[in-house]
Amino acid sequence: MGRDDGPAFQETFYGEFRRMVLDGAANRNNAEGKQYITGEMTAQRNWKYYNSDYYQSEKAISARTERFTAMAKERGWEDTASIPDYKAKGLNLYYNFPSALSSHFNVDDQFVKDPDQVPPRDFRWFYQSGGNRGDRGFVTSLTIEHPDGTTTFIDYTKPGFDPSDPAKGTTWAAYKDEGGTWRYQSADFAHDFFKGDLKSVASLPNFSGQPGRAQEAANRF
C-alpha cells in the first residue's frame, strides 16, 4: 500500500474535500448577495446574505462521508482514521455551510446562532448597514437655543434606510410559498451603538398573511 494511500492521508484528503465544498458554497452565496448592496460599500459598512440553496452542499459532504467511512471499515482503519469533530475543535470552515459562511465574513463572528438548524427550502435573507468613508463626521441633528429660552430641533436623518448613515440598517427575508410565489418581508432600523443594539433577525422581519407550512418554517428559522 502506498504511503499516500494510508489512513492519515485519506483523513486529510477527506477534510480538505469538505473545506473545498463549503468554501465554494460560501463563495457562490456571497457573490450572489453582493447584488443587493445599495450605495457605496465602505470600511464602516457591513453586510450578510444567506441563501438556503447552498445548504445543499451537505449532500456532497454526506456522500463523501459515506465513502470514507466504508473505505475505513473495509481496510480496517476504524482505529486509525476517523472523521474529526470539526465543531468541537472550532474548525468552522470544515463543519457545515452555516458555520463556514459565518467564517467567510469574520472567523470570530458566528452570525448564524445555531449552525445545526436545517434551513427551509427556498429561503433568503439579507442585511446591510450604512456608513460613510469615515474621514468625516455624520451630523444627525441640530438643536438651536434662542435668546428667549426656546429651542429648535432639526433632524437631519432620512426616513428609512440611508446607505451613507452609520446609524441605519436594513434587512429583508424571503421564502417561496406552497404555490411557488416568493413572499418578502423587510425592516429598517437604527443602531444605538450600545450592547442593547444587538438584534435577532426573528425580531425584525416576520411573515404573516400566508398561513401554511412554508411560512411557519421561514418564521421558525
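**A four-stranded sheet and its helical cover**

K168 lies in strand 5. In this predicted model, the residue offers a convenient point of entry, since strand 5 belongs to the sheet described below. With a relative accessibility of 11%, K168 counts as buried, because the limit for that class is under 20%. Its C-alpha atom is 5.9 Å from that of S129, although K168 and S129 are 39 residues apart in sequence. The surroundings of K168 are similarly covered: of the nine residues of strand 5, eight are buried.

The chain as a whole may now be set out. It contains five helices and six strands, and their succession along the sequence is α-β-α-α-α-β-β-β-β-β-α. Of its 221 residues, 39% are buried. Among contacts between residues at least 6 apart in sequence, 63% connect residues at least 24 apart.

Strand 5 takes its place in an open sheet of four strands, ordered 1-2-5-6 and paired in antiparallel fashion. Strand 1 (47-51) and strand 6 (182-190) are the edge strands; each has a single partner, so one side of each lacks a neighbour in the sheet. On average, and with direction ignored, neighbouring strands of this sheet are turned by 10 degrees against each other.

The pairings can be followed from one edge to the other. Strand 1 is joined by five bridges to strand 2, residues 123-129, and the two run antiparallel. Within this pair, W47 stands opposite Q128 of strand 2. Q128 also stands opposite T170 in strand 5. Strand 2 and strand 5 are themselves antiparallel and share seven bridges; here F123 is placed opposite Y175 of strand 5. Nine bridges then link strand 5 to strand 6, again in antiparallel orientation, with T171 opposite A187 of strand 6. Strand 5 and strand 6 form a hairpin with five residues between the strands, in which G180 adopts a positive phi near 90 degrees.

How far is strand 2 enclosed by the rest of the structure? Seven of its seven residues are buried, so strand 2 is largely enclosed. The covering applies to both faces: F123, W125, Y127 and S129 are buried on one side, and R124, F126 and Q128 are buried on the other.

Part of the helical framework meets the sheet at its strand 1 end. Helix 1, residues 7-33, lies across strand 1 and strand 2 and runs at about 115 degrees to strand 1. Helix 1 also packs with helix 2: their axes come within 10 Å and cross at roughly 175 degrees. Because an angle over 145 degrees counts as roughly antiparallel, helix 1 is assigned that orientation relative to helix 2. Helix 1 contributes Q10, E11, F13, Y14, F17, R18, V21, L22 and A25 to the contact, while helix 2 contributes S57, E58, A60, I61, R64, T65, F68 and M71. By class, this contact comprises 10 nonpolar, three polar and four charged residues.

Just ahead of this helix pair, D5 lies in the segment before helix 1. D5 has a relative accessible area of 27% and is therefore partly exposed. Apart from neighbours within four places in sequence, D5 is in contact with Q10, R75 and W77. Q10 is also one of the helix 1 residues that make the contact with helix 2.

The nonpolar interior brings helices and sheet together. The largest nonpolar core holds 29 residues, of which Y50, F97, F123, W125, Y175 and F207 touch the most other members. At least two residues of this core come from each of helix 1, helix 2 (57-74), helix 3 (92-95), helix 4 (97-105), strand 2, strand 5 (168-176) and helix 5 (213-220). Helix 1 gives the largest share, five residues. A second core, separate from this one, has six residues, including I37, W47, F126 and W172.

Several residues met in the sheet reappear in these cores. F123, which stands opposite Y175, is among the core members with the most contacts, as is Y175. W47, opposite Q128 in the pairing of strand 1 with strand 2, belongs to the second core. F123 and F126 lie on opposite sides of strand 2, with F123 in the largest core and F126 in the second.

Definitions and conventions
Residues numbered from 1 in each chain as written. Predicted model: local features only at pLDDT ≥ 70, side-chain atom pairs only at ≥ 80, totals over all residues. Heavy atoms only, no water. Pairing = 2+ DSSP bridges. Axes fitted to C-alpha atoms, helices over the stretch in contact; angles between N-to-C directions. Contact = heavy atoms within 4.5 Å. Core = buried A, V, L, I, M, F, W, Y, C linked by side-chain atoms within 4.5 Å. Buried < 20%, exposed > 50% of the residue type's maximum accessible area, 1.4 Å probe, protein only. Parallel < 35°, antiparallel > 145°, perpendicular 65-115°, else oblique. Nonpolar A, V, L, I, M, F, W, Y, C, P; charged D, E, K, R; others polar.
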